[in-house]
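Subject: Structure handover

Hello,

Here is the structure you asked to take over. My notes on what was found follow below it.

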Amino acid sequence: MLLYSEEKRERFLSMSHYNRDIWLIRHAPACPPGYLYGHTDADIGQIETATQERLQQKLADCQYLCSSPAKRCVRTCQALFPDHTPPHLIAAFWEQYFGDWEGLAYPDLPDLGSMNGQELAKFTPPNGESFLDLCARIQPAFNPLRRVGVDRRTAALAQPGEFGA
């Protein structure tokens, strides 16, 4: 089930598997905004109180938390689950590595021209990884989440690229 909030256009994906849910939660917006972060460890800004309360209510019965080690993911997890044990950090959940483009402001990124989806998935930034590389890295790390426990709700905090992978 994909849920949308028109106010902030938040997206959350719930995947049912063996009578339990896995919630894929995108981190709060990185601070400062406007940069390609990837593996660059950016922080988050303040999460609006109404948004935080709404998400805490929806996710209140999650028993298992896991997260990318990225500060923006861990801090989002701490904000949403302040009374929960810290999340299990999964190194493979890091965002795509953009190599020489890490930390560049969006207007400073090169124009790649016209590419179809397959070409874009294969494209590798200089000294970085392609989206296909990201898929190969994250899929083996994600599969065990489906076996964490029967009837157990899981929240996984990561970046948008991981959800696509």
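I start with Ala155, which, leaving aside its neighbours within four places in sequence, is in contact with Trp23, Ile25, Cys62, Tyr64, Leu65, Cys66 and Phe81. Please keep in mind throughout that this is a predicted model.

Nonpolar cores

Ala155 belongs to the largest nonpolar core, which has 14 residues; Ala155, Ile25, Leu59, Cys62, Leu65, Leu80 and Phe81 are the ones that touch the most other members. At least two residues of this core come from each of strand S3 (21-26), H2 and strand S8 (154-158). The most is given by H2, with 3 residues. Another core, of 13 residues, lies apart from this one, and Phe93, Ala141, Phe142 and Leu145 are among its members. As a general point, nonpolar side chains in soluble globular proteins tend to be buried together.

Helices

H2 covers residues 71-80 and is mostly covered, with 7 of its 10 residues buried. Those residues are Arg72, Cys73, Val74, Thr76, Cys77, Ala79 and Leu80, and Leu80 has already appeared above in the largest core.

In H1 (residues 49-58), the buried residues are Thr51, Gln52 and Leu55. Viewed down the axis of H1, they fall within an arc of 95 degrees, so they line one face of the helix. Thr49 and Gln57 are exposed, on the face of H1 turned away from its buried side.

H4 (residues 131-142) has 12 residues, and the distance from its first C-alpha to its last is 16 Å, close to the 16 Å expected at 1.5 Å a residue. Leu134, Cys135, Ile138, Ala141 and Phe142 are the buried residues of H4. Down the axis of H4 these fall within an arc of 140 degrees, so here too the buried residues line one face of the helix. Ala136 and Pro140 are exposed on the other side of H4. Of the buried residues of H4, Ala141 and Phe142 are among the members of the 13-residue core. At the start of H4, the backbone nitrogen of Leu132 has a side-chain oxygen of Ser130 within 3.3 Å.

Loop residues

Ser68 is in the loop between strand S6 (64-67) and H2. Is Ser68 buried or exposed? Ser68 has a relative accessible area of 0%, so it is buried. A polar atom of the Ser68 side chain lies 3.1 Å from the backbone nitrogen of Ala70, and a polar atom of that side chain lies 3.5 Å from the backbone oxygen of Phe93. Leaving aside its neighbours within four places in sequence, Ser68 is in contact with Cys73, Val74, Leu89, Ile90, Phe93, Trp94, Leu157, Ala158 and Gln159. Two of these contacts, Cys73 and Val74, are also among the buried residues of H2.

Glu102 sits in the loop between strand S7 (88-89) and H3. Its relative accessibility is 16%, so Glu102 counts as buried, the cut-off being under 20%. The backbone nitrogen of Phe98 is 2.8 Å from a polar atom of the Glu102 side chain. Leaving aside neighbours within four places in sequence, Glu102 is in contact with Leu36, Tyr37, Gly38, His39, Thr40, Gln96 and Tyr97. Glu102 and Gly128 are 26 residues apart along the chain, and their C-alpha atoms are separated by 8.8 Å.

Aromatic pairs

The count of aromatic pairs comes to 2. One of them is formed by Tyr35 and Tyr37, and this pair is tilted, at 6.1 Å centre to centre with 50 degrees between the planes. Tyr35 counts as partly exposed, at 33% relative accessibility, whereas Tyr37 counts as buried, at 12%. Tyr37 is also one of the contacts of Glu102.

Backbone geometry

Two places are worth a look. Most residues other than glycine have a negative phi, and most peptide bonds are trans. A cis peptide bond joins Cys31 and Pro32, with omega about 0 degrees; Pro32 is in the loop between strand S4 (30-31) and strand S5 (43-44). Asn127 has a positive phi, near 65 degrees. Asn127 is in the loop between helix H3 (117-122) and H4, and at 58% relative accessibility it counts as exposed.

Regards

Notes:
Residues are numbered from 1 along each chain as its sequence is written. This is a predicted model: local features need pLDDT of at least 70, side-chain atom pairs count only at pLDDT 80 or more; totals for chains, interfaces and linings use all residues. Side-chain values use heavy atoms; hydrogens and water are left out. Helices (H or I, at least four residues) and strands (E, at least two) are DSSP runs, numbered from the N terminus. The expected span of a helix is 1.5 Å times one less than its number of residues. Buried means under 20% relative accessible area, exposed over 50%, partly exposed in between (1.4 Å probe, protein chains only). The arc is that of the directions from the helix axis to the C-beta atoms. A polar contact is a pair of N or O atoms within 3.5 Å; within protein, one must be able to donate a hydrogen and the other to accept it, and residues adjacent in sequence count only if both atoms are side-chain atoms. Rings of Phe, Tyr and Trp (its six-membered ring) pair if their centres lie within 6.5 Å; planes under 30 degrees apart count as stacked, over 60 as edge-to-face and the rest as tilted. Contact means heavy atoms within 4.5 Å. A nonpolar core is a set of buried Ala, Val, Leu, Ile, Met, Phe, Trp, Tyr and Cys residues joined through side-chain atoms within 4.5 Å.
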